[in-house]
Amino acid sequence: MRLPHVLLAAAAAVATAGCATTDGMMMSDQTVTEIVVASPNHTTLEQAVVAANLAATLNGDGPFTVFAPTDTAFAALPASLRTAAMNDTDLLSSVLTYHAVSGRVTAADLMAQIAAGGGTANLTTVNGATLRATMQGNFVRLTGANGSSAFVETADIGASNGVIHSINGVLLPPM
């Protein structure tokens, strides 16, 4: 097991203290934002959410499904793109809302949508653009615009207002 998975699992365990189980998924009484803040692997995402003024939204009623890029995923972006996004609230908001869909979509739900779609599920993101979800082996792969893609590394981190799936890439919306 790789160290980032252990750390995220530990953060999820802390975040899910006092949780209930729904359909096999641990449900926390913390919001999506609170879980991201508690995660040692999502500090860049936390900074980006604050910079884009989205923290209050992700603390709202939801429900939301958030595909949360890890710090390693953000570090893999070209430095010029990271800097541009962090300095442009509209661009940053567009990128971040491309990682969220309305509703609570568990891993089982997503895999069922992929199967029902003949191997592909199209997800309409909060920013209005579409993400494509497919299976690659036993893993869910998300494909965005401009050739961006990511795999779900840790699924079904339940929040009081949604669910988080930690991903290993940053998905770029159409620009």
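So, contacts along the chain: taking pairs of residues at least 6 apart in sequence, 64% of the contacts join residues at least 24 apart. Keep in mind that this is a predicted model. There are 175 residues in the chain, and 44% of them count as buried. As for secondary structure, we have 8 helices and 9 strands.

Okay, helix α3, residues 43–51. Which of its residues are buried? That would be L45, A48 and V49. Looking down the axis of α3, those buried residues fall within an arc of 100°, so they line one face of the helix. You may remember the general background here: an α-helix has 3.6 residues a turn, so residues three or four places apart point the same way.

And what sits over the buried residues of α3? The cover includes quite a list of elements: helix α2 at 32–38, α4 at 55–58, strand β3 at 64–69, then α5 at 71–75, α6 at 79–86 and α7 at 89–97. Just after α3, have a look at N53, which takes a positive phi of about 60°.

Now stay around there, but go over to α5, the helix that holds D71. For the electrostatics people: D71 is buried, yet it has no salt bridge. Where is the nearest side chain of opposite charge? It belongs to R82, and it's 10 Å away from D71. What D71 does have is a backbone nitrogen close by: the one of T44 lies 2.7 Å from a polar atom of the D71 side chain. Leaving aside residues up to four places away in sequence, D71 touches P40, N41, H42, T43, T44 and L45. Two of those names should sound familiar: T44 is the residue with that backbone nitrogen, and L45 is one of the buried residues of α3.

Last stop, the strands further along. β5, residues 121–124, and β6, residues 130–136, run antiparallel and are joined by 4 bridges. If you want a pair to click on, L123 has L131 in β6 as its bridge partner. The hairpin of β5 and β6 has 5 residues between the strands, and in it G128 takes a positive phi near 95°.

Then β6 carries on to β7, residues 139–143, again antiparallel, with 5 bridges joining the two. Here the pair to click on is T134 with its bridge partner R141 in β7. How many residues lie between the strands in the hairpin of β6 and β7? Just 2, and there G137 takes a positive phi near 65°.

That's my tour, thanks.

How values were computed
Residues numbered from 1 in each chain as written. Predicted model: local features only at pLDDT ≥ 70, side-chain atom pairs only at ≥ 80, totals over all residues. Heavy atoms only, no water. Pairing = 2+ DSSP bridges. Buried < 20%, exposed > 50% of the residue type's maximum accessible area, 1.4 Å probe, protein only. Arc of directions from axis to C-beta. Contact = heavy atoms within 4.5 Å. Lys, Arg positive; Asp, Glu negative; His and termini not counted. Salt bridge = Lys/Arg side-chain N within 4 Å of Asp/Glu carboxyl O. Polar contact = N/O pair within 3.5 Å; in protein donor to acceptor, adjacent residues only side chain to side chain.
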